[in-house]
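Hi,

Here is the model I promised to pass on. Have a look at it first, and my notes come right after.

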Amino acid sequence: MSSTVDYLVCALALLATAARLVLTRGLCRRPGERRLLVFILGIGTAVAVLAPATRAAVPWESVARCVPLLGYELKLGAECAIALLGYAVRPAASGPAAVRRQAVGSAFVMAVSAVAYVVGGVRPEGPELVAGPAGRLPLTLFNALFTVHGCWCVAVFGLAVLRSAGVVAPGLPRTGLRLIVAGTACGFAWSALSAVPLWETLTTGRQEIEEDAFSAPFALGTLLFGIGGMTLAVWAAFLTRSARQVRAWRDYRRLEPLWSALHSAVPEISLTAEVGVLGLGGPLRNPEFALYRRVIEIRDGQLTLRAHADPRVPGWAEAASGGDAAVVEAAVLAAALQSSAAGHRPSADGTGYAPREVAADLAAETAWLVTVSRAFARSAVVAQVRTGLPEDEAASHQLS
């Protein structure tokens, strides 16, 4: 894995940790949440410490020699945190004794690994850790401890989350847990792959420091799925709200042809004045409220123009459009707008054509009016109404 990818993983870890700290600022953080943040921060920092560019940037040889050890110790600490998080997920199934055993065991592994590294005279050479003939066994022990510890910790956590996901009701929490389980599976594969070079380490005294090409995707998957599961409720709510606002803005613009025609004929339907050509003071700031207002204005305009509706138009438009209710309503409005402009009131009793009834909610009203607005702007039947009804067809459909 190149240094760029290593630093990208670290940046993701730091960003996720900072975002979570900001979101929970002032709140009491539970032990499980703290352990999860320690894991993400530790694993991301370890990947950056083990990057080739990090080792090359250290000018002192004695310090550079210990940089790989620091990276691996950070990984061991992160693995311990994820195991402790597993015990926090299901506290009734473990207890304080299990937590203490895990903490002591991980501390023991970290200490023995450090001793093996130092006693074996392990030193970094390019992308590898190298040990002399006397240091091959300590180097192999170092790698074996790291592999077994990682698999154990990830398995403890994964099984705890998997059991929890099975009893959680469908929804965002269960989806988040399943994402974390997927990250755990990637983490287990990532840890297990460290066992592949054990024989080569024992026989040659060499071990790759960097992640192998086949293990790098598992490392990235561990962080992405883990971060995704941890922050699912936050970014799912943000995406849902953003998608809702985008749909509201889109529908607001789709209602423009119908609203503009009604507003030109009946300016008083406007509840508030638009600011600028695009309405930067309203629709873009709060598109859902702007859409709600626009629907009300259109309905007010329809009610105002109702007495100007030509009673001949509905029957003619229905026959001409093949029964398309949206085209009929758009044609009635087009005719009413023309009658209003000419000062005619075909419906002497002030009632006239009644718009189609839809469910009393914004979504249904919007969907229907968008369809009517599209027909108002594009339908050939509506265009024919604007130029006048053919006399013979109008007469044959005239209402009694």
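Below is what I found, going from the whole chain down to single side chains.

Two points on how to read this. It is a predicted model, so to speak of local features I needed pLDDT of at least 70, and side-chain atom pairs count only at pLDDT 80 or more, while totals for chains, interfaces and linings use all residues. Residues are numbered from 1 along each chain as its sequence is written, and side-chain values use heavy atoms, with hydrogens and water left out.

**The chain overall**

The chain has 17 helices and 3 strands; these are DSSP runs numbered from the N terminus, with helices being H or I of at least four residues and strands being E of at least two. Of its 400 residues, 42% are buried, where buried means under 20% relative accessible area, exposed means over 50%, and partly exposed is in between (1.4 Å probe, protein chains only). The accessible surface is about 20,000 Å², and carbon and sulfur atoms make up 65% of that (Shrake-Rupley method, 1.4 Å probe; for residues, only the protein chains shown count as cover). Take the contacts with a separation of 6 or more, and 79% of them come from residues 24 or more positions apart; a contact here is heavy atoms within 4.5 Å.

**Salt bridges**

I get 8 salt bridges in the structure, each being a side-chain nitrogen of Lys or Arg within 4 Å of a carboxyl oxygen of Asp or Glu. As a reminder, side chains of opposite charge can pair when their charged atoms come close.

Glutamate 297 pairs with arginine 293, with 3.6 Å between the closest N and O atoms. Both sit in helix H12 (residues 287–305), and because they are 4 residues apart there, about one helical turn separates them. Glutamate 297 is buried at a relative accessible area of 1%, and arginine 293 is buried too, at 7%. Elsewhere, Arg250, Asp251 and Arg254 are joined into one network by salt bridges that share partners.

Within that network, aspartate 251 bridges to arginine 250 at 3.5 Å between the closest N and O atoms. Here the aspartate is buried, with a relative accessible area of 13%, whereas arginine 250 is partly exposed at 38%.

Then there is arginine 253 with glutamate 256, a salt bridge at 4.0 Å from N to O. Arginine 253 is partly exposed at 32% relative accessibility, and glutamate 256 is partly exposed at 23%.

**A nonpolar patch**

On the surface, Leu137, Trp199 and Leu202 make a nonpolar patch of about 370 Å². My patches take residues with over 30% relative accessible area and no salt bridge, joining like charges within 9 Å and nonpolar side chains (Val, Leu, Ile, Met, Phe, Trp, Tyr) within 5 Å. Leucine 202 belongs to helix H8 (residues 198–204) and is partly exposed, at 34% relative accessible area.

**Cysteines**

How many disulfides does the structure hold? The count is 0, going by a pair of cysteine sulfur atoms within 2.5 Å. Cysteine 151 is in no disulfide, and its nearest cysteine sulfur, in cysteine 153, is 9.6 Å away. Cysteine 151 is buried at 16% relative accessible area. For cysteine 153, the closest cysteine sulfur is that of cysteine 80, at 6.1 Å, which is too far for a bond. Cysteine 153 is buried as well, at 0% relative accessibility.

Cheers
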